[in-house]
Amino acid sequence: MYVQRGTPYFDGAAYVSQCPINPGEIFTYKFKVDRAGTYFYHGHFGMQRSGGLYGSLIVDLPASKKEPFAYDGEHSILLNDWWHKSIYEQELGLNSVPFRFVGEPQSLLIEGRGKYNCSLYPATVPPTPGCLTCNATSPKCAPHVIPVTPGKTYRLRIASVASLSSLNFILEGHKMTVVQADGRYIKPFDVYNLDVYSGQTYDVLFTADQDASKNYWAAINVRGRNPKTPTGLAVLQYLPNEATLLPTTPAPVSPIWNDTATSISLAKQILAKVGYEAAPPKKSHRTIVILGTQNNINGNLKWALNNISYVHNPTPVIAALKYNIKGAIDSTPPPDYPVQDYNIFVPPKPSLSANYGSPLYVFKRGSVVDVIVQNSNTLTPNNSEIHPWHLHGHDFWVLGYGQGMYDSTKDAASFNLIDPPVRNTAAVFPYGWVALRFVADNPGAWPFHCHIEPHFHMGMGTVFAEGIHNLPKLPSQTLGCGLTKGLHR
């Protein structure tokens, strides 16, 4: 995802930066690409990303500049999970009483291709006219192929648009050197498997230095959830071998799904490349602590931040603030972190039941803001999940991770203020916290949310705003819904 610096109305977030695009309408996004790197785009209305509305967005350096690493060629892959049912059925289940979760994905995809056990396909369901039946031998169902020349070094651009799954990526038998994260330079380090959370991108280097008579697997497995989905596979093709020469080895195995310590250790290895990325400001002007919980609201299973489950208002936030439209947004300040008697290791008490709302944090332009995201137990005993947190409109410094309840009196002293990585998506781990710092220097209204599609759909998000009145007149094509009707004429 690319940071919309100076064009917040083209951020693409429905009911925050614009009105949704109606069927038959044409909407043109115009923005300046001022930072090279590996990014992607996706739909931001309902669960469109889960339905396949996404794609790569690669920004190259100008011809006059060079990367601080060398390679002979490059490839780009998108990683995803896939449900063999419509997003409308998924959304209906998430909003129903009793609640019906989307469940585990049936397939993991690398560049849109994956595998599925056809014996699980219900024989009683006739194929939709014009659509393929389940056929594992069809060439259209062959795995994606990554061709390489033996002895050459390649840059592999990896992006996860997964809707639910935390993924672990492996190049069978090949060491990967990680050189960028979310389009930002990091201190290079070597891995044989790499956790990639939804919303994140990585650039890795690898050399085709294995037995050239064979092809090898590229693979993804689920992390953080007990996997019910087969390994997603692609083929690393050593030319001139045929692409149809499949490896005879088993699918690569990732660290066990609940090995949180390994994931945290990997996350802590990611540090900024000094001299290429700036260090953070030494102090912040404001700190907000956000507790993420799973709650039951009038029979509906929802996610909440500080006991507020986010719902969109019909008027885009940016327009409501820019034109001071009365009654368009919730003017009540977001609640403080509910620390009193809260135990993150047990399900939330009924007395702390959440409510629906549209919380909005407004920051002074140019201020330095710390955001502490605190994880907790779900409604299921002894269960806490990984949540990848994404901020629109900004990159942030990841100052640190911790386990247990965040303690401002001691944990802030452990923040990395020397070489923290600069990112736009960072994971908070089970029963832990993550500390993020950003500068509110990009006027606009920006979603801050869990990048897991069902979780955001179920209310796990909020909006940050700054400098709205410094914006010029909003483009008319972003208006026309809610209380902005008439403003676009």
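Here are some worked exercises on the predicted model shown above.

**Exercise 1. The overall build**

Task: Find how many helices and strands the protein has, and work out how compact the protein is for its length.

Solution:
- Begin with the secondary structure: the protein contains four helices and 26 strands.
- Next, compare the radius of gyration with the globule rule. The protein has a radius of gyration of 23 Å, and the rule gives 23 Å for 489 residues, so the protein is as compact as a globular protein of that length.
- For the outer dimensions, picture a box along the principal axes: the C-alpha atoms fill roughly 70 × 60 × 50 Å.
- Then turn to the contacts with a separation of 6 or more. Of these, 78% are between residues 24 or more positions apart.

**Exercise 2. Inside and surface**

Task: Describe what share of the residues is buried, and what the surface and the charges look like.

Solution:
- Start inside: 55% of the 489 residues are buried.
- Now move to the surface. The accessible surface is about 21400 Å², and carbon and sulfur atoms contribute 55% of that area.
- Finally, count the charges. There are 39 positive and 34 negative side chains, with the centres of the two sets 5 Å apart.

**Exercise 3. The cysteines**

Task: Find which cysteines form a disulfide, tell its handedness, and then look at Cys 141 and Cys 450.

Solution:
- The structure has one disulfide. Its partners are Cys 19 and Cys 481, whose sulfur atoms lie 2.1 Å apart.
- Place the partners along the chain. Cys 19 sits in the segment before β1 (37-42) and Cys 481 in the segment after β26 (461-466), so to speak a link between distant parts of the chain, 462 residues apart.
- Read the torsion about the S-S bond: for Cys 19 and Cys 481 the value is about -90 degrees, so this disulfide is left-handed.
- Check the burial: both Cys 19 and Cys 481 are buried.
- Move on to Cys 141. Its relative accessibility is 36%, so Cys 141 counts as partly exposed.
- End with Cys 450, which is buried, at a relative accessible area of 0%.

**Exercise 4. Around strand β13**

Task: Describe the setting of Gln 237, then find the cis peptide bond between Leu 239 and Pro 240.

Solution:
- Gln 237 belongs to strand β13, residues 232-238.
- With a relative accessible area of 9%, under the 20% cut-off, Gln 237 is buried.
- Set aside residues up to four places away in sequence. Gln 237 then touches Val 145, Ile 146, Pro 147, Val 148, Asn 215, Glu 242 and Ala 243.
- Follow the chain to Leu 239 and Pro 240, which are joined by a cis peptide bond with omega about 10 degrees. Pro 240 is in the loop between β13 and α2 (260-269).
- Another cis peptide bond links Val 97 and Pro 98, with omega about 5 degrees. Here the proline, Pro 98, lies in the loop between α1 (87-94) and β4 (107-110).

**Exercise 5. Positive phi values**

Task: Look at the phi angles of Asp 182 and Asn 307, and decide whether each residue is buried or exposed.

Solution:
- Asp 182 has phi near 55 degrees, a positive value in a residue other than glycine. Its place is the loop between β8 (176-181) and β9 (184-191).
- Asp 182 has a relative accessibility of 2%, so Asp 182 counts as buried.
- Asn 307 has phi near 70 degrees, again positive in a residue other than glycine. Asn 307 is in the loop between β15 (300-305) and β16 (308-310).
- At a relative accessible area of 16%, Asn 307 is buried.

**Exercise 6. Sequence and space**

Task: Work out how far apart Gly 432 and Ile 386 are in sequence and in space, then do the same for Val 274 and Glu 242.

Solution:
- Gly 432 lies in strand β24, residues 432-439, and counts as buried at 0% relative accessibility.
- Gly 432 and Ile 386 are 46 residues apart in sequence, and their C-alpha atoms are 9.4 Å apart.
- Beyond its neighbours within four places in sequence, Gly 432 has contacts that include Val 373, Gln 374 and Asn 375.
- Val 274 is in the loop between α2 and β14 (286-297), and is exposed at a relative accessible area of 62%.
- Val 274 and Glu 242 are 32 residues apart along the chain, with 42 Å between their C-alpha atoms.

Terms used:
Residues numbered from 1 in each chain as written. Predicted model: local features only at pLDDT ≥ 70, side-chain atom pairs only at ≥ 80, totals over all residues. Heavy atoms only, no water. Helix = DSSP H or I, 4+ residues; strand = E, 2+ residues; numbered from the N terminus. Rg over C-alpha atoms; globule rule 2.2 N^0.38 Å. Buried < 20%, exposed > 50% of the residue type's maximum accessible area, 1.4 Å probe, protein only. Contact = heavy atoms within 4.5 Å. Areas by Shrake-Rupley, 256 points an atom, 1.4 Å probe, with all protein chains shown as cover. Lys, Arg positive; Asp, Glu negative; His and termini not counted. Charge placed at Lys NZ, Arg CZ, Asp CG, Glu CD. Disulfide = S-S within 2.5 Å.
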